[in-house]
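Hi everyone, thanks for coming. Please have a look at the chain on the screen, and I'll walk you through a few parts of it.

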Amino acid sequence: MTKWVYSFGGGKAEGSAKLRDLLGGKGAGLAEMANLGLPVPPGFTITTEVCTHFTTRNEKYPDELKQQVEAALRQVGAAVDRSFGDPKNPLLVSVRSGARASMPGMMDTVLNLGLNDETAAALARQTGNERFAYDSYRRFIAMYGDVVLGVDHDHFEEILSQYKEDNELNLDTEIDSEGWKLIVNRFKEKVAEETGDPFPQNPHVQLWGAIGAVFFSWQNARAITYRRLHNIPDDWGTAVNVQAMVFGNMGDDSATGVAFTRNPSTGEPQLYGEFLVNAQGEDVVAGIRTPQALTARERKAAGQKEASLEERMPQVFAEFLRYVKTLEGHYRDMQDIEFTIENGRLWMLQCRNGKRTTKAAVKIAVDLADTGVITRQEAVRRIEPASLDQLLHPTLDPKAHRQILATGLPASPGAASGEVVFDAGEAERLAADKHEIILVRVETSPEDIHGMHAARGILTARGGMTSHAAVVARGMGRPCVSGAGALRVDYAKQQFTAGGVTVKKGDMITIDGSSGQVMKGRVATIQPELSGEFAKLMSWADGFRRMGVRANAETPADAKVAREFGAEGIGLCRTEHMFFDEERITAVRQMILADNKHGREQALIKLLPMQRADFVELFRIMAGLPVTIRLLDPPLHEFLPKFKKEEEWEIEAKSLGIPVAKLKDRVEDLAEFNPMLGHRGCRLGISYPEIYEMQARAIFEAAVQVAKESGKPVVPEVMIPLVAMKGEFEFLKDRIEAVAKAVEKEKSAKFSYLIGTMIELPRAALKADEIAQGAEFFSFGTNDLTQTTFGISRDDSVKFWQDYLSRGLIAHDPFVSLDTDAVGELIKIATERGRKTRPEIKLGICGEHGGDPASIQFCEQTGLDYVSCSPFRVPIARLAAAQASLK
């Protein structure tokens with residue numbers, strides 16, 4: 001018989017951390033804590049395999065599940081001397097999700113399950129605390145009504161707010177037992193009104209309703225979005241954890257909290273977290289009340305008056321510290337811990353590797369390696385390469401003027417400026433139109449995730465450092481300021497007020513997630529300093545990787561950034577980008593509009609010194625490192641104007657010294673039905689060899705000049721684009737070599753160079769053995785190779801790829817992460833055949849995939865020599881290449 005349920009508690013467990021895939025992260029963590037002898041409320045985990053069964057078999061459970069759940073329930077009841085459904089001595093449980101990958105707030109939770117009219121009264125009698133019992137009951141109705149019965153949570157909030165307003169109360173804690181009884185009745189009436197049925201009183205019906213709701217929540221919109229953003233497979237499923245309730249809302253000697261064993265924003269080795277007295281766990285993460293600090297140090301730093309846990313309950317705090325050290329030592333990583341204190345007794349509710357900023361992740365990994373807890377290889381493996389993007393962007397200039405409107409909690413570091421938007425959906429729409437957005441909310445909820453991802457930063461009026469907004473923002477690398485209590489957000493008027501200033505939708509603000517400051521207008525920024533732990537980690541990574549990492553760059557600014565980020569050369573210099581410069585475009589257009597070769601050559605003479613100067617600068621910056629220069633690739637019509645007004649045509653024609661009619665005729669003549677597959681790349685060089693000859697001359701003259709200046713040889717790599725046939729390559733190679741000989745003779749200088757091609761057509765990949773007879777290097781242009789393999793335009797694919805993704809037809813966008821099945825197969829073929837002809841041929845990749853970690857893994861497996869990517873992705877590629885080597 002298949003085992004679907006695993007029990008834990010009482011110092012032992014049927015599972016362990018090794019069963020994470022089966023038990024989910026939460027279930028595995030609970031089992032491991034129980035095995036370590038920590039005080040864990042007893043419970044059981046329904047495995048992820050049940051979720052798969054449920055979602056793939058018309059929402060039906062395995063036949064043996066009910067029997068196993070009932071047996072486990074009896075075991076839990078025996079451990080706490082209670083019985084589930086007993087009207088006199090009831091066992092109450094929590095029902096929580098728990099996927100193998102942490103998905104904070106994305107799936108559903110139900111607390112206090114088992115309460116009904118009878119058991120609520122029994123709980124009041126047993127505890128002698130009627131207020132606590134009915135506070136717990138109203139929480140359960142609201143949670144169960146929302147999660148299981150589909151009654152909007154706002155209905156319950158409205159009833160509660162109305163009661164407090166009618167009775168002139170500010171806080172939930174001011175409501176007495178009679179008030180909670182009245183609210184419970186109103187909650188039940190609302191459920192009956194919305195669903196047509198009374199609130200379920202049978203605890204077993206409640207339990208199976210909650211279990212089903214958790215499995216259903218694996219497919220809710222926010223969970224699907226989160227999985228897509230974090231590359232979590234849909235078929236993993238979630239486990240369900242059913243656990244005996246412990247209560248943090250039983251009075252002033254009870255509390256609930258969240259802690260991190262190190263600071264999740266900075267990585268500093270100090271306990272970090274917060275708690276609430278007389279509350280349940282959801283109150284902390286939901287941001288409904290602003291919590292208190294765990295330690296006296298944190299309290300003083302935050303300027304809080306309320307006592308910290310360390311000061312309020314010193315014995316419990318000392319016990320908690322012991323468990324914190326045990327857990328971090330056991331897992332050898334920073335831990336995220338949830339706990340509850342019930343009548344002065346500490347219970348550990350959850351333990352998992354904590355979400356952290358990339359800055360913190362790097363510091364923690366380096367610190368643990370430096371102290372011998374983990375190896376340097378482990379430290380390199382622990383950092384998600386794509387997350388380094390968080391470290392590579394500007395922060396606020398400390399010298400810049402700041403008009404501070406409010407100060408909240410520094411929930412997620414980094415700075416961002418943008419237009420104020422109050423709705424997550426609108427934030428997503430505006431961001432799609434290239435607007436920079438700051439999402440402003442009273443508090444965020446999991447339903448806001450799409451807007452949070454689209455926004456440059458998040459600002460909330462309520463919530464703490466472990467609120468939903470803070471945790472999700474840190475995971476996304478978005479700056480976040482939470483708990484900015486001075487903000488008064490008015491959704492109806494689409495504005496907020498702070499510091500006597502009213503800020504409306506569309507107004508520009510700046511937030512600093514490192515200081516918690518909220519500022520009016522846009523504040524200047526500075527580039528990050530990539531030193532300290534980051535530099536140390538990257539040096540370790542460089543020592544482990546085999547492949548080189550170059551950058552795609554054609555401007556001096558990009559080349560300098562690339563060098564600063566550790567690029568080992570330029571893998572793609574797109575010469576056409578240089579032609580669009582305002583000072584050059586006229587000469588380019590004169591060349592295109594020329595009636596004959598002589599006219600083209602006259603225009604190219606004007607362009608030659610400009611191109612030469614470009615290459616001189618790049619060679620100087622790269623200081624002897626390889627520079628691969630792609631000759632002109634796009635079709636000529638891209639350089640011609642696309643005016644709508646007649647006067648614009650007249651002005652342009654006048655500047656070119658030709659009639660308007662001739663200009664229009666040439667534009668029409670060069671227009672193509674499918675430019676991507678038209679007169680471009682080497683086809684231009686074959687039709688107009690003088691263009692490539694000018695570019696080759698500029699490259700070689702620049703190499704001679706810089707070599708003479710520096711005293712060191714410059715070895716340019718000349719790349720011919722869009723080659724499909726050996727004959728095309730040989731035709732153009734002969735002309736480039738002739739130019740090289742001419743420059744050597746004119747300059748009385750000898751120099752080395754390489755001539756290669758971009759493999760971006762399936763035919764070129766299949767005939768790589770023939771092309772390699774003349775080509776000294778291949779650079780795989782995976783953007784075009786993907787387009788031509790799929791027969792799909794990259795620019796147009798955005799219109800329908802989402803349909804393919806949502807229907808499971810593709811696992812990812814092949815323009816973002818390499819299609820290793822087909823495009824990858826062509827790369828392997830070209831690699832094998834090219835090396836068979838020329839064993840020493842240099843092989844690299846220069847499409848956008850060169851900065852994608854999954855694609856880099858493929859490049860390592862295939863044996864390419866280097867990857868090339870945009871300058872800001874160079875550190876990502878360096879780390880990904882190291883991890884690929886270590887695998």
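Let's begin with Cys 573, which counts as buried because its relative accessibility is 0%. Keep in mind that this is a predicted model. Does this cysteine sit close to a partner or far from one, and how far away is the closest cysteine sulfur? That sulfur belongs to Cys 846 and is 11 Å from the sulfur of Cys 573, so the two are too far apart for a bond. Cys 682 is not in a disulfide either, and the nearest cysteine sulfur, again that of Cys 846, is 15 Å away. Cys 682 also has 0% relative accessibility, so it counts as buried. For the structure as a whole, the number of disulfides is zero.

Now let's turn to the sheet. How many strands does it have, and in what order do they lie? There are eight, forming an open sheet with mixed pairing, and the order is β13-β23-β22-β15-β16-β17-β18-β14. At the edges you'll find β13, residues 404-407, and β14, residues 409-412, each pairing on one side only. Direction ignored, neighbouring strands here are turned by 30° against each other on average.

Let's follow the sheet in from β13. This strand pairs with β23, residues 517-520, in the antiparallel sense, over three bridges. One pair to look for is Ile 404 with its bridge partner in β23, Met 519. Next, β23 is joined to β22, residues 508-512, by four bridges, and these strands are antiparallel too. There, Ile 511 has Val 518 of β23 as its bridge partner. β22 and β23 form a hairpin with four residues between them, and in the turn Gly 516 has a positive phi of about 85°.

Further along, the direction changes. β15, residues 415-421, and β16, residues 437-441, run parallel and are joined by three bridges. Glu 419 is the residue to find here, standing opposite Ile 437 in β16. Lying across β15 and β16 is helix α16, residues 424-432, which runs at about 180° to β16.

Elsewhere in the chain there is another strand pair worth a look. β4, residues 93-99, and β5 run antiparallel, joined by three bridges, and Arg 96 stands opposite Thr 109 in β5. Is β5 enclosed or open to the outside? Five of the five residues of β5, residues 109-113, are buried, so this strand is largely enclosed by the rest of the structure.

On to a pair of helices. α4, residues 117-127, packs with α5, residues 130-147, at an angle of about 150°, and their axes are 7 Å apart. That angle makes α4 roughly antiparallel to α5. Their crossing is right-handed. The residues making the contact include Ala 120, Ala 121 and Ala 124 of α4, along with Phe 132, Tyr 134 and Tyr 137 of α5.

Two last stops. Thr 52 is in helix α2, residues 48-56, and its relative accessibility of 32% means that Thr 52 counts as partly exposed. Thr 52 and Trp 236 are 184 residues apart along the chain, while their C-alpha atoms are separated by 7.7 Å.

Finally, please find helix α31, residues 782-790, whose buried residues are Thr 782, Asn 783, Asp 784, Leu 785, Thr 786 and Gln 787. After α31 comes Gly 791, with a positive phi near 70°. Thanks for listening!

Notes: Residues are numbered from 1 along each chain as its sequence is written. This is a predicted model: local features need pLDDT of at least 70, side-chain atom pairs count only at pLDDT 80 or more; totals for chains, interfaces and linings use all residues. Side-chain values use heavy atoms; hydrogens and water are left out. Buried means under 20% relative accessible area, exposed over 50%, partly exposed in between (1.4 Å probe, protein chains only). Helices (H or I, at least four residues) and strands (E, at least two) are DSSP runs, numbered from the N terminus. A disulfide is a pair of cysteine sulfur atoms within 2.5 Å. Two strands pair if DSSP finds at least two bridges between them. Axes are lines fitted to C-alpha atoms, for helices over the stretch in contact, and angles run from 0 to 180 degrees between N-to-C directions. Contact means heavy atoms within 4.5 Å. Angles under 35 degrees count as roughly parallel, over 145 as roughly antiparallel, 65 to 115 as roughly perpendicular and the rest as oblique. A crossing is left-handed if the near helix is turned anticlockwise from the far one by less than a right angle, and right-handed if clockwise.
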